[in-house]
Amino acid sequence: ITAKGAVSTYTRKEVDKLTEFARGIGAKGLAWIRLTDDGIASSFAKFMTEEELKALSEAMGAEKGDLMFFAADKNSVVWASLGALRIEVAKQLDMIDNDRFDFLWVTEFPLLEWNEDENRFVAMHHPFTMPMDEDLQYLDTDPGRVRAKAYDIVLNGVELGGGSVRIFQSDVQEKMFEVLGFSKEDAYERFGFLLNAFKYGVPPHAGLAIGLDRFVMLLVKADNIREVIA
């Protein structure tokens with residue numbers, strides 16, 4: 001992320017505090033580049049040439065007076081830590097317009113995510129979420145490529161609600177359990193009531209649930225859901 005004009009406002013001590021903030025989110029640390037009147041300063045300058053640092057700065061669209069932060073880790077760690085850092089910096093620099101309401105739909109979530117501890121795929125939403133029709137062909141060969149018919153509505157960066165289209169075909173549900181590591185016998189032992197019901201014909205169905213307490217929190221400009229949940 002790039003903090004425009006932050007060199008004039010952030011001291012080295014404050015940068016260290018931001019690094020500790022990122023560690024609290026899960027990052028192992030933060031790397032940074034400053035563009036000053038005297039040239040390029042960086043926490044990792046000794047590992048890179050001046051040309052490489054300049055290329056990084058150009059790729060970020062940075063100008064003199066800018067401060068850039070970098071994180072390196074798994075995607076989930078980088079996204080979470082830099083996303084939280086971006087909001088923290090925006091708060092500190094008073095860049096957030098609390099009178100705006102910006103909505104965003106998030107669609108085409110991955111159906112599955114790899115669990116390193118269990119060494120297998122697990123459902124990102126839940127095991128009853130319908131895959132995209134055009135991605136059904138990848139369930140056997142490339143499960144991580146399969147997208148879900150799932151969606152979230154986001155307001156000002158807060159997940160306001162979410163939902164999905166549910167699986168309503170027994171063969172698709174059986175395949176989903178298989179990908180998740182269930183044997184057919186185990187799947188029927190635990191979810192036979194559902195799989196058998198599907199064989200009688202189930203209409204396509206979907207839904208969306210809104211977090212009313214989160215919505216109220218944003219409407220009254222509260223900082224914490226505990227202030228409105230009662």
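1. Lysine 46 counts as exposed, since its relative accessibility is 73% and the cut-off for exposed is over 50%. This lysine belongs to the loop that runs between strand S3 (39–42) and helix H2 (50–59). From lysine 46 to tryptophan 114 the C-alpha to C-alpha distance is 35 Å, with the two positions 68 residues apart in sequence numbering. These values, like the others in this note, come from a predicted model.

2. Helix H3 covers residues 75–92. Its 18 residues, at 1.5 Å a residue, should span 26 Å, and the end C-alpha atoms lie 25 Å apart, so the expected and modelled spans agree. The buried residues in H3 are Val77, Val78, Ser81, Leu82, Ala84, Leu85, Val89 and Ala90. In an α-helix there are 3.6 residues a turn, so residues three or four places apart point the same way. Among the elements that cover the buried residues of H3 are strand S1 (2–3), helix H1 (12–25) and strand S4 (67–70).

3. Aspartate 94 follows H3 and is found in the loop between H3 and strand S5 (103–107). Its phi is positive, about 55°, although aspartate 94 is not a glycine. With 66% relative accessibility, aspartate 94 counts as exposed.

4. Asparagine 119 also has a positive phi, about 60°, without being a glycine. The residue lies in the loop between S6 and S7; S6 is residues 112–115 and S7 is residues 120–123. Asparagine 119 is exposed, with a relative accessible area of 55%.

5. There are 7 aromatic pairs in the structure. One of them joins phenylalanine 128 and phenylalanine 191 in an edge-to-face arrangement, with 5.8 Å from centre to centre and 70° between the planes. Phenylalanine 128 is in the loop between strand S7 (120–123) and strand S8 (150–155), and phenylalanine 191 is in helix H5 (residues 184–198), so this pair ties together parts that are 63 residues apart in sequence. Phenylalanine 128 is partly exposed at 24% relative accessible area, whereas phenylalanine 191 is buried at 16%.

6. Phenylalanine 191 also pairs with phenylalanine 177: the ring centres are 4.7 Å apart and the planes are at 15°, so the pair is stacked. Phenylalanine 177 sits in helix H4 (residues 170–179) and phenylalanine 191 in helix H5, so the contact ties together parts 14 residues apart in sequence. Phenylalanine 177 is buried, with a relative accessible area of 1%. Ring pairs link Phe128, Phe177, Phe182 and Phe191 into a cluster.

7. Two arginines are placed over aromatic rings. The charged end of arginine 34 sits over the ring of tryptophan 32, 5.5 Å from the ring centre. For arginine 145, the charged end sits over the ring of tyrosine 138 at 3.9 Å from its centre.

8. The largest pocket holds about 1,800 Å³ of space. Its lining is made of 39 residues, and those nearest the centre are Arg86, Ile87, Asn156, Gly157 and Val158. H3 gives the largest share of that lining, 9 residues. At least two lining residues come from each of S1, H3, strand S6 (112–115), strand S9 (158–165) and helix H6 (212–219). H3 therefore appears in two of the points above: it has buried residues covered by other elements, and it supplies the largest share of the pocket lining.

How values were computed: Residues numbered from 1 in each chain as written. Predicted model: local features only at pLDDT ≥ 70, side-chain atom pairs only at ≥ 80, totals over all residues. Heavy atoms only, no water. Helix = DSSP H or I, 4+ residues; strand = E, 2+ residues; numbered from the N terminus. Buried < 20%, exposed > 50% of the residue type's maximum accessible area, 1.4 Å probe, protein only. Expected span 1.5 Å × (residues − 1). Contact = heavy atoms within 4.5 Å. Phe/Tyr/Trp six-rings, centres within 6.5 Å; stacked < 30°, edge-to-face > 60°. Lys NZ or Arg CZ within 6 Å of the ring centre and 35° of its normal. 1 Å grid on protein atoms, 1.4 Å probe; cavity = no way out; pocket = protein on both sides within 12 Å on 5 of 7 lines; lining within 4 Å. Points joined across faces, edges and corners; volume = space filled by probe spheres on them.
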